[in-house]
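Visitor: Please take me slowly through one part of this model, starting from a single side chain and then moving on to the surroundings of the annotated site and the helices.

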Amino acid sequence: MLDSFTVGNTTFSSRLLVGTGKYASYNLMRDALVASKSDIVTVALRRAGTTQSEEDILNYIPDRMHLLPNTSGARNADEAIRIARMARELGCGDLIKIEVIQDQMYLMPDNLETFRAAEVLAKEGFIVFPYMSPNLMDAKRLVDAGASCIMPLASPIGSNRGLEAKGLIEILINSIDVPIIVDAGIGRPSDATIAMEMGASAVLVNTAIATSSNPVGMAEAFYYAVEAGRKAYLAKCAPKKSVGSASSPLTGFLRK
């Protein structure tokens, strides 16, 4: 991966974050995580056992990866705070992805309850990764509350519909000083490339990898897509034009 990025006090070598849900087996999940070359993985606390049994998902996550527990299943701030504290007590560290979802049809995050949870957890020393609907003022409030990054959805979670919120995410990238990690809805490697070309700090991908016909191959494809997008952003893409412009002169060489 081209260059590292930092969230809070933790530096990551990869700008691709991956999830652990929807895989056909833990063995397949492990192989995909390795192929992704990611060094940060999200996991729902309810899926992480407290004993070293064969079925504990944590046994299938490579040791080199940073664990990012999430508060999946929380319907309000109080539930998210309780899950985060449990994760810390179980030895999962201070990184926490806040997910607060009451809407059961579209699974849209509750920005207000997310803010309330972020405010409490940041004061307790957590490195807060808040998952949110892309809204500039809500993002600024989260940063003021102590969030270490912002994780706007690209489209509804698990939908694979791509960057439907592209314009709103661009506003966050241009206006917010903490890392912007595009989360939810990314369906194809090309979506990840576009997000990185826009200037996103990173992307999080789960469903598009886990539910593909070849999760290991798709994980590798997303690795290269993120790398290509980041490289393009650093190289600065050429501006768009409203008219054609020949790449080679069309006049002069036929005349003396």
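**A close look, beginning with Arg15**

Guide: In this predicted model, the side chain of Arg15 reaches the backbone oxygen of Ser201 at a distance of 2.8 Å. The same side chain also makes a polar contact, at 3.1 Å, with the side chain of Asp3. Arg15 sits in the loop between strands β2 (10-12) and β3 (16-18), and this residue counts as buried because its relative accessibility is 5%, where buried means under 20%.

From there we can turn to the annotated positions. An unreviewed UniProt entry lists Gly158, Ala184, Gly185, Asn206 and Thr207 under "binding site". Although these positions are spread over 50 residues of sequence, they cluster in space, the largest C-alpha distance among them being 9.0 Å. Gly158, Ala184, Gly185, Asn206 and Thr207 also take part in the lining of the largest pocket.

Two of these residues deserve a careful comparison. Gly158 is found in the loop between β8 and α5, while Ala184 is placed in the loop between β9 and α6. Gly158 has a relative accessible area of 30% and is therefore partly exposed, whereas Ala184, with 6%, is buried. When neighbours within four places in sequence are set aside, Gly158 is in contact with Lys22, Gly185 and Thr207. With the corresponding neighbours left out, the contacts of Ala184 are Tyr131, Leu153, Ala154, Ser155, Ile157 and Leu204.

The next stop is helix α7 (residues 207-210), which holds Ile209. Ile209 is buried, with a relative accessible area of 1%. Beyond its neighbours within four places in sequence, Ile209 is in contact with Val18, Tyr23, Ala32, Pro215, Met218, Ala219 and Phe222. For a sense of scale, the C-alpha atoms of Ile209 and Arg141 are separated by 32 Å, and these two residues are 68 places apart along the chain.

Now consider helix α5, which covers residues 166-175 and in which Ile169, Leu172 and Ile173 are buried. These three cover an arc of only 100 degrees around the axis, which puts them on the same side of α5. There is a simple background to such patterns: an α-helix has 3.6 residues a turn, so residues three or four places apart point the same way. The buried residues of α5 pack against α4 (136-144), β8 (151-152), β9 (181-183) and α6 (189-198).

Helix α3 can be read in a similar way. Its buried residues are Asn111, Glu113, Thr114, Ala117, Ala118 and Leu121. Seen down the axis of α3, they fall within an arc of 150 degrees, so they line one face of the helix. What covers the buried residues of α3 includes α2 (77-89), β6 (95-98), β7 (127-132) and α4. Helix α3 runs over residues 111-123, and its 13 residues reach 18 Å from the first C-alpha to the last, close to the 18 Å expected at 1.5 Å a residue. At the N-terminal end of α3, Asp110 acts as a cap, with a side-chain oxygen 3.1 Å from the backbone nitrogen of Leu112. Just after α3, Gly125 takes a positive phi of about 90 degrees.

Note on methods: Residues numbered from 1 in each chain as written. Predicted model: local features only at pLDDT ≥ 70, side-chain atom pairs only at ≥ 80, totals over all residues. Heavy atoms only, no water. Buried < 20%, exposed > 50% of the residue type's maximum accessible area, 1.4 Å probe, protein only. Helix = DSSP H or I, 4+ residues; strand = E, 2+ residues; numbered from the N terminus. Arc of directions from axis to C-beta. Contact = heavy atoms within 4.5 Å. Expected span 1.5 Å × (residues − 1). Polar contact = N/O pair within 3.5 Å; in protein donor to acceptor, adjacent residues only side chain to side chain. UniProt positions renumbered as here; feature names shortened; annotations may be inferred. 1 Å grid on protein atoms, 1.4 Å probe; cavity = no way out; pocket = protein on both sides within 12 Å on 5 of 7 lines; lining within 4 Å.
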